[in-house]
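User: I'd like to go through this model and ask what stands behind each label. Can you take the terms one at a time?
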Amino acid sequence: MLDVRLPIGWLFLVLGVMLAAYGYANPPAESLLLGQVSLPLNLDVPWGILMALFGLAMVSLAQMDKLKVLEKQLQESKIASQADSSQVSLAETISGEITSNPSSSDAN
Amino acid sequence: MKTGLVTAQPIDYAVILIYFIFVLGVGFKLKKNMKSSDDFLLAGHRIPSWVTGLAFLSANLGAIEVMGMAANAAQYGIMTCHFYWLGAIPAMVFLAVFMMPFYYKSKIRSVPEYLRKRFNEPTRALNAISFAVMTVLMSGINLYAMAIVFKLLLGWDMNGSIAVAALVVLAYTITGGLTSSIYNEVLQFFLIVFGLLPVSILGLLRFGSWSAICDRFENPGFAHLWKEIGTIHNPMGVDMIGLIGGLGFVLSFGYWCTDFLVIQRALAAEDLRGARMTPIIAAFPKILFPVLTVLPGLFAIILIPKLGSNNDDLSFNMAIPYLLAVMYPNGLFGLGITALLASFMSGMAGNVTAFNTVWTYDIYQSYIAKNKSDAHYLWMGKLATAIGIIISVGTCYLCMNFKSIMDYMQLIFTFFNAPLFATFLLGMFFRRTSPWGAFYGLLGGTLAAVVHYILTLQHKLNYQSEMAGNFHRSVVAWTVCLILTITISYLTKPKAVEELRGLVWGVDEKGGDVAAKTSVFASPGFFGVILLALTAYLNYLFF
């Protein structure tokens, strides 16, 4: 099923980059309520960057989990194939023993 | 188009548009996972607990929470934090530690279903019908609040914005069901945090410190949680009984511990521990949420002195939208209104996804069409989703006739949730409670609330404020339900102990409790103690 961190991550990454770029291209707005405090840069820039970083972190976490699951599956399939091959070799040894010593089975 | 307070730029519309694309995308991506009614209505019990935890919190983060709490803060001051630190955290801890094991282990699909197992069919039917009515009434509030904000801020046509929001919610809930609703709630949680936090940061930069903010309050009581509670002459007009008994006990425990809208999120967790951790995970951000809602309300009342005048544009409810309009540059403004839009839509989706489950399982499958195929119930779930949304649009227009949506909502809670909490408390922790005792107790409690409301309307009962009336009404409804249930239980036959296994405290399930094996430091109880200690400290800090 879809990992919820992917849509969240991508949405914030896209919106963050958009805001930062828009803020960079536009001068800081005269904020009515801040009054005497003047802002050195458009607020969109730092907030956009923060959002993009958050989005990136979410996407990376989801990808890391995906890799972990793949790694686990790979390891499980390796163990399974090893078990298969050891079972095959055991079966070969047993069948070899039976063919080399047919009298033991005939005795029963 | 008529212009509103703000002239939105293309960047603001682009933010909204991109959000819509993602929301719909999530629904369509999840569509292929919706194979059974269980997948659609219950999210297949496979959601990680951090996701259900944030969804649990966000389901309660609709229009009323965000705008209503800021409005309350502007009206009553920091006492509004009682809705969080007194009215939410203790109840969430109680749910996680004591009640969730019964909900999750009894394998119920909905809260009314628990009532059927513990009591009888009539009790379930009473609760299912009242809950279905309540959810559609509530979900309309979200649409209404959204339409009014966008009309005032951007000059959008109310009918147009209601139609667009309802269609988007319909599209993503009908494709992805509860999972889609939960995913969008988590998305909305982060949007609210990123969309509203700059208001608090900018406000704190503007004033410098908490004491500088307190110095600016016209009413010094606005800076204290408890100092003026001894009398009713505090900003909220409530006394100790109303506050602690009404809000702190009945209303908060009634909402957080029995409302299926929030319980449903916890039941979607992958295991019992996940379900128990859901309210705990939600409670940590909940403690800090006043920073996003109450603090902006306090800024608003200082910075916008005309706030609260009868003029629609400057009603208390407009505190947050107004601050977004005057504080944010374009771009960030788009993000802020997208956060509000997301909160309205997910508030509505949460109600609709709880409604469709209760309708499909507790009413349709139980009384109308028994023993049909699962595909049939899946189809009915989808149909109920669509009908729920259509009714919500209808109730949205009904809300327009009410003066204050906040009082309207609290009023509905006193009718349904307050007596229900007494039923649950007795049902889960008092073995002797009989099925008919529960039924008549619940009915009597609801009727007591109605009678109390009528007496208040006729001015035979008078309270300092609407809210004080609601708090007292909830105590009355709860007490009547409690006394009636106990009395009738002793007069009627209780259920056999065998039938109560896994449903009642002290009547163990066969096979014992598996969850008891986990370490103390990883248990919900341990985190619960931390949460309660933090809450107590905050109460002391802002005493």
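Analyst: Sure, starting with burial: of the 543 residues of chain B, 59% count as buried. Some ground rules: this is a predicted model, where local features need pLDDT of at least 70, side-chain atom pairs count only at pLDDT 80 or more, and totals for chains, interfaces and linings use all residues. Residues are numbered from 1 along each chain as its sequence is written, and chains are lettered from A and ligands numbered from 1 in the order in which they are written.

User: Why is Leu2(A) called partly exposed?

Analyst: Buried takes 20 or more other C-beta atoms within 10 Å of a residue's own, exposed takes 12 or fewer, and partly exposed is in between, with C-beta atoms placed from the backbone. Leu2(A) has 17, so partly exposed it is. Leu2(A) sits in the segment before α1 of chain A and touches Lys29(B) and Leu30(B), leaving out residues up to four places away in sequence. Touching, or contact, here means C-beta atoms, placed from the backbone, within 7 Å.

User: What makes helix α12 of chain B largely enclosed?

Analyst: Helices here are DSSP runs of H or I, at least four residues, numbered from the N terminus. For α12 (residues 260–267) of chain B, 8 of the 8 residues are buried, so the rest of the structure largely encloses it. Among them are Phe260(B), Gln264(B) and Arg265(B).

User: How do you know that chain B is as compact as a globular protein of its length?

Analyst: Chain B has 21 helices and 0 strands. Its radius of gyration is 23 Å, close to the 24 Å that the globule rule gives for 543 residues, so the label fits. The radius is taken over C-alpha atoms, and the rule is 2.2 Å times the number of residues to the power 0.38.

User: What makes a set of residues the largest nonpolar core, and which residues have the most contacts inside it?

Analyst: A nonpolar core is a set of buried Ala, Val, Leu, Ile, Met, Phe, Trp, Tyr and Cys residues joined through C-beta atoms within 7 Å. The largest has 211 residues, with Val169(B) and Ala319(B) having the most contacts inside it. Helix α9 (residues 158–207) of chain B gives the most to this core, 21 residues. Beyond four places away in sequence, Val169(B) touches Met345(B), Met348(B), Ala349(B), Val352(B) and Ile389(B).

User: How many residues of chain A are in contact with chain B?

Analyst: 25 residues of chain A are in contact with 27 of chain B. The largest share of chain A's side, 10 residues, comes from α1(A).

Methods: Helices (H or I, at least four residues) and strands (E, at least two) are DSSP runs, numbered from the N terminus. Two residues are in contact if their C-beta atoms, placed from the backbone, lie within 7 Å.
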